[in-house]
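Student: I have a structure open and would like to talk through a few spots in it. Could you help me reason about them?

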Amino acid sequence: MSGVGKATVTPDIAVINVGVTAQGATIKLAQKELNIKMDAIAKAVKQLNIDTKDVKTANYSINPRYDYQSTTQRIVGYDANSSLTIKVRNMDKANNVVDAATANGANQVGGISFDVDDRTKIENQARELAVADAKKKAETAAKIAGFSLGRIVNYEEGANGNPRPELMYAKAMTPYGAGDAAVVSPIEPGSNEITIQVSLSYELR
């Protein structure tokens, strides 16, 4: 007999991805411009009391930029890219982190996802409800069919639901200096539902 349990959770951790694309005539110049901006972003974020271990480099790359209009392909410069993954454990600071990053040179903000610090606790709540649901159905079915339930001989489980709903940044991003860095970034985590589905097999008597 199968049963379903659902538990609603409000995320308490935000995971934010911010990045910079910088250009330069040489690799060194592109790298220098990128490093200056990334250092400024990291410092600004840490000033919001974000722990150093929660600020990680997600990627770092430098690629040539080509002139495709000429008959011979030639390099005209370099694009340098890097991004940070920032875990914000105080949801009230999520807006501030995005604003601090864009004000200090971030010209890319990826998806913002949400998580819960104690996922196991929420899953166990849903699991208890699922088992209770399966047991109630089994007892009812056995009574109608004229059987009595023996011991549980098998337990199977599946999970559905993830407290990490992804949403895109709420306003269009423009490069630093374009005049919109002071706009407050609205970020709302909302809520999500974790669903656990179980299947119980009984001996019948």
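Student: Is methionine 1 buried, partly exposed or exposed?
Tutor: Keep in mind that this is a predicted model. Methionine 1 has a relative accessibility of 39%. Buried would need under 20% and exposed over 50%, so methionine 1 counts as partly exposed.

Student: Which residues is methionine 1 in contact with, leaving aside its neighbours within four places in sequence?
Tutor: Methionine 1 sits in the segment before β1 (2-9). Its C-alpha atom is 7.7 Å from that of lysine 135, although the two are 134 residues apart along the chain. Beyond its sequence neighbours, the contacts of methionine 1 are Ala134, Lys137, Ala138, Ala141, Val198, Ser199 and Leu200.

Student: Why is helix α2 (residues 94-103) largely enclosed by the rest of the structure?
Tutor: Look at the burial along the helix: Ala94, Val97, Val98, Asp99, Ala100, Ala101 and Thr102 are the buried residues of α2. These pack against β2 (13-24), α1 (27-46), β4 (74-88) and β5 (108-109). Helix α2 is largely enclosed because the buried residues number seven of its 10.

Student: What phi does glycine 105 take?
Tutor: Glycine 105 comes just after α2. Its phi is positive, at about 115 degrees.

Student: Which residues form the aromatic pair found in a search of the whole structure?
Tutor: The search finds one such pair. Its ring centres are 6.0 Å apart and its planes are at 55 degrees, making it tilted. One partner is partly exposed at 32% relative accessible area, and the other is exposed at 61%. They are, in that order, tyrosine 66 and tyrosine 68.

Terms used:
Residues are numbered from 1 along each chain as its sequence is written. This is a predicted model: local features need pLDDT of at least 70, side-chain atom pairs count only at pLDDT 80 or more; totals for chains, interfaces and linings use all residues. Side-chain values use heavy atoms; hydrogens and water are left out. Buried means under 20% relative accessible area, exposed over 50%, partly exposed in between (1.4 Å probe, protein chains only). Helices (H or I, at least four residues) and strands (E, at least two) are DSSP runs, numbered from the N terminus. Contact means heavy atoms within 4.5 Å. Rings of Phe, Tyr and Trp (its six-membered ring) pair if their centres lie within 6.5 Å; planes under 30 degrees apart count as stacked, over 60 as edge-to-face and the rest as tilted.
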